Amino acid sequence: MTINEEFLKACRKEKNTHVPVWYMRQAGRSQPEYRKLKEKYSLFDITHRPEICAGVTKLPVDQHGVDAAILYKDIMSPVPAIGVDVEIKSGIGPVIDKPVRKRKDVERLGTIDPEKDVPYVLETIKILRQQLEVPLITFAGAPFTLASYMVEGGPSRDYHKTKQLMYSDPESWFMLMDKLGDMTISYAKAQIAAGAQAFQIFDSWVGALNAADYRKYIQPVMHRIFSSLREENVPLILYGTGARHLVMEWNELPIDVIGLDWRISPKEARQMGVTKALQGNLDPSLLLAPWEVIEARTKEILDEGMEEPGFIFNVGKGIFPEVNIATLKQLTTFVHEYTSKKLG
């Protein structure tokens, strides 16, 4: 099977024939077919049925013509394996009835055996590698973001309890980071062994920390994770929201691609000194605007991105349910056609 490698080339900062494009949360929420599935199955049900999960993952590739697929699952998928019960509540997100807030809570956390604990994830990857003609991206949540749910007991706006643990009991905090780091490495390596061709870590909420705290409390475990995954020889991507002030910290990590949200442009990132390949960063809210507005903003992003090799077009946060799938198809076609002329 011939694979479209434009996404992988961009990750490696090689010359592209067009700017590759994929969308965070492209599988799910905005798709009528997915919503129909959700009438019968929960997210948990879908991810535990490899054939169905593979179909959900592949659907946006077929519909939109994007240059990469991203596995449909949740960042909390591996957490139950280490002893934390999670319920994904509609309209809320991950909810944990017994939060991890004390040293004894951290000490009781176990380890993950991916082949035993998440075989359905690995089987879905294997199925997709037989079906896809574009690279498959898989992912994990970063230790800080996972910890924020585990400590807060669910989504938070201020992360007070998470920071309380971090500041008041650093020994327990670093133990938690180490355990989540070990889990992430094992989980990621199993996904790559099953056939993942790129790996993205979502540190969605780490922008809640300042740069100094990031360097002290988070950077060590992130460096260890990515250093361990380097030997797997697949592109490594790091993404977070509201983290403009952390891009230079990320630039020091052994990763290939930095995912930008809409608060920082490709040009600004490079002017700051970022040398990694870049991914981003259309504000997804713009997808509800008239097409001429979407096109104009997309041109700006693409023109900046193409100033250097190594750019992947994406949204600056995930696709949401109100987005029309026809808009995504039109946008994908526009990115391909506009950039192929510029790069040709």
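Is Glu268 buried, partly exposed or exposed? In this predicted model, Glu268 has a relative accessible area of 29% and is therefore partly exposed. Its side chain meets that of Arg244 in a salt bridge, at 3.5 Å from N to O. The pair links distant parts of the chain, 24 residues apart: Glu268 lies in helix 13 (residues 266-272), whereas Arg244 sits in the loop between strand 6 (236-239) and helix 12 (247-251). Arg244, at 34%, is partly exposed as well.

A search of the whole structure gives 20 salt bridges. One of them joins Glu14 to Arg12, with the closest N and O atoms 2.9 Å apart, and a network of salt bridges links these two residues with Glu5. Glu14 is partly exposed at 34% relative accessibility, and Arg12 is partly exposed at 42%. Another salt bridge brings together the side chains of Asp105 and Arg108 (3.9 Å, N to O). Here Asp105 is buried, with a relative accessible area of 12%, while Arg108 is partly exposed at 42%.

Turning to the interior, the largest nonpolar core holds 113 residues, and those touching the most other members are Phe7, Met150, Trp173, Leu176, Ile218, Met222 and Phe313. Helix 10 (residues 170-194) supplies the largest share of this core, 11 residues. Beyond its sequence neighbours up to four places away, Ile218 touches Phe144, Trp173, Met177, Asp203, Val206, Leu209 and Asp213. A second, separate core has 8 residues, including Ala27, Tyr34, Leu43 and Val56.

Helix 10 also lends itself to a simple check: at 1.5 Å a residue, its 25 residues should span 36 Å, and its end C-alpha atoms are indeed 36 Å apart. Just after helix 10, Gly195 adopts a positive phi of about 135°.

Definitions and conventions. Residues numbered from 1 in each chain as written. Predicted model: local features only at pLDDT ≥ 70, side-chain atom pairs only at ≥ 80, totals over all residues. Heavy atoms only, no water. Core = buried A, V, L, I, M, F, W, Y, C linked by side-chain atoms within 4.5 Å. Buried < 20%, exposed > 50% of the residue type's maximum accessible area, 1.4 Å probe, protein only. Helix = DSSP H or I, 4+ residues; strand = E, 2+ residues; numbered from the N terminus. Contact = heavy atoms within 4.5 Å. Expected span 1.5 Å × (residues − 1). Salt bridge = Lys/Arg side-chain N within 4 Å of Asp/Glu carboxyl O.
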